[in-house]
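User: I'd like to learn how to read a fold from its coordinates. Can you walk me through this one, feature by feature?

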Amino acid sequence: MRIRFFAAATTAGALAVLAAVPAHATEYSSALKIKGVQYDAPGRDSNNCATGNTKDEYLTIKNYSSHTTVNLKGYVVKDKAGNRFTFSKNHYLQPGDYVKLRGGHGTDSDAKNVVYRQNCNFIWNNDKDTIYVYKPSGAGADSHAYTKSGNDPDGNGYITFHG
């Protein structure tokens with residue numbers, strides 16, 4: 001949830017503007033935003049490639065533009081510890097479209113809006129972490145920090161950042 005507070009005051013012809021944005025969110029001018037994260041896969045965590053549940057941990061990235069298609073090729077997703085995933089293939093997000101970046105192995109599909117990390121290790125910590133999305137140029141696209149106790153009141157392991 002993003003909270004903004006604006007106060008304006010006029011003093012001797014000068015306009016002062018105060019803006020406060022929570023420390024957990026960095027605002028970037030990007031059409032691509034983190035819609036939400038399933039940071040704690042349901043059930044007991046197992047990164048076994050054959051029987052584990054890393055596919056149930058995912059990051060949803062959405063194109064919030066009303067008119068621009070975004071190609072994810074070259075975008076980088078990273079956590080606070082430096083674990084990273086780079087979109088190495090073309091994956092086009094039409095305006096309003098989204099993709100789920102899942103753990104585990106699978107077949108990427110534009111039709112099913114899914115890309116797999118092809119890695120059976122979990123990327124997001126179950127207690128707290130920071131998620132970063134970078135444009136191919138290296139500029140920030142979006143980032144969010146979370147804590148289980150502060151951002152997941154129902155305890156289901158899913159947090160929504162942008163509705």
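Analyst: Sure. Let's start with the idea of a nonpolar core: a set of buried Ala, Val, Leu, Ile, Met, Phe, Trp, Tyr and Cys residues joined through side-chain atoms within 4.5 Å. Keep in mind that this is a predicted model. Here the largest nonpolar core has 24 residues, and Leu59, Phe87 and Trp124 have the most contacts inside it.

User: Which strands each supply at least two residues of this core?

Analyst: Strands 4 (32-38), 5 (58-63), 10 (98-102), 12 (128-134) and 13 (140-147) do. Strand 4 gives the largest share, with 3 residues.

User: What does Leu59 touch, leaving out residues up to four places away in sequence?

Analyst: Its list includes Ile34, Gly36 and Val37, as well as Val77, Val99, Lys100 and Leu101. Trp124 and Ile131 are also touched by Leu59.

User: Let's zoom out. How many helices and strands does the protein chain have?

Analyst: You'll find 1 helix and 14 strands. The chain has 163 residues, 37% of which count as buried. Among contacts with a separation of 6 or more, 55% are between residues 24 or more positions apart.

User: How should I read a sheet, and in what order do the strands run in the open one?

Analyst: The general idea is that strands of a sheet pair through backbone hydrogen bonds, either parallel or antiparallel. In this model, 5 strands form an open sheet in the order 11-10-5-4-14, with mixed pairing. Its edges are strand 11 (114-116) and strand 14 (158-160), each pairing on one side only. On average, neighbouring strands of the sheet are turned by 25° against each other, ignoring direction.

User: In which sense do strand 5 and strand 10 pair?

Analyst: They're antiparallel, over 5 bridges. As an example, Tyr58 has Arg102 in strand 10 as its bridge partner.

User: What about charges: how many salt bridges are there?

Analyst: In general, side chains of opposite charge can pair when their charged atoms come close. The count here is 1 salt bridge. Asp40 forms a salt bridge with Lys148, and the closest N and O atoms are 4.0 Å apart. That pair links distant parts of the chain, 108 residues apart: Asp40 sits in the loop between strand 4 and strand 5, while Lys148 belongs to helix 1 (residues 148-151).

User: Is Asp40 buried or exposed?

Analyst: Buried, because its relative accessibility is 16% and the cut-off for buried is under 20%. Lys148 has 37% relative accessibility, so Lys148 counts as partly exposed.

User: Now aromatics. How many aromatic pairs does the structure hold?

Analyst: It holds 4. In one of them, Phe85 and Phe87 meet edge-to-face, 5.0 Å centre to centre with 85° between the planes. Both Phe85 and Phe87 are buried. Another pair, Tyr132 and Tyr134, is stacked at 6.1 Å centre to centre, with 15° between the planes. Tyr132 counts as partly exposed because its relative accessibility is 23%, and Tyr134 is partly exposed at 23% too.

User: One last residue: where does Thr130 lie, and what is it in contact with beyond four places in sequence?

Analyst: Thr130 is in strand 12. With a relative accessible area of 10%, Thr130 is buried. Leaving aside those sequence neighbours, Thr130 contacts Lys78, Asp79, Lys80, Trp124, His144 and Ala145. Trp124 also turned up among the residues with the most contacts inside the largest nonpolar core.

Definitions and conventions: Residues are numbered from 1 along each chain as its sequence is written. This is a predicted model: local features need pLDDT of at least 70, side-chain atom pairs count only at pLDDT 80 or more; totals for chains, interfaces and linings use all residues. Side-chain values use heavy atoms; hydrogens and water are left out. Buried means under 20% relative accessible area, exposed over 50%, partly exposed in between (1.4 Å probe, protein chains only). Helices (H or I, at least four residues) and strands (E, at least two) are DSSP runs, numbered from the N terminus. Contact means heavy atoms within 4.5 Å. Two strands pair if DSSP finds at least two bridges between them. Axes are lines fitted to C-alpha atoms, for helices over the stretch in contact, and angles run from 0 to 180 degrees between N-to-C directions. A salt bridge is a side-chain nitrogen of Lys or Arg within 4 Å of a carboxyl oxygen of Asp or Glu. Rings of Phe, Tyr and Trp (its six-membered ring) pair if their centres lie within 6.5 Å; planes under 30 degrees apart count as stacked, over 60 as edge-to-face and the rest as tilted.
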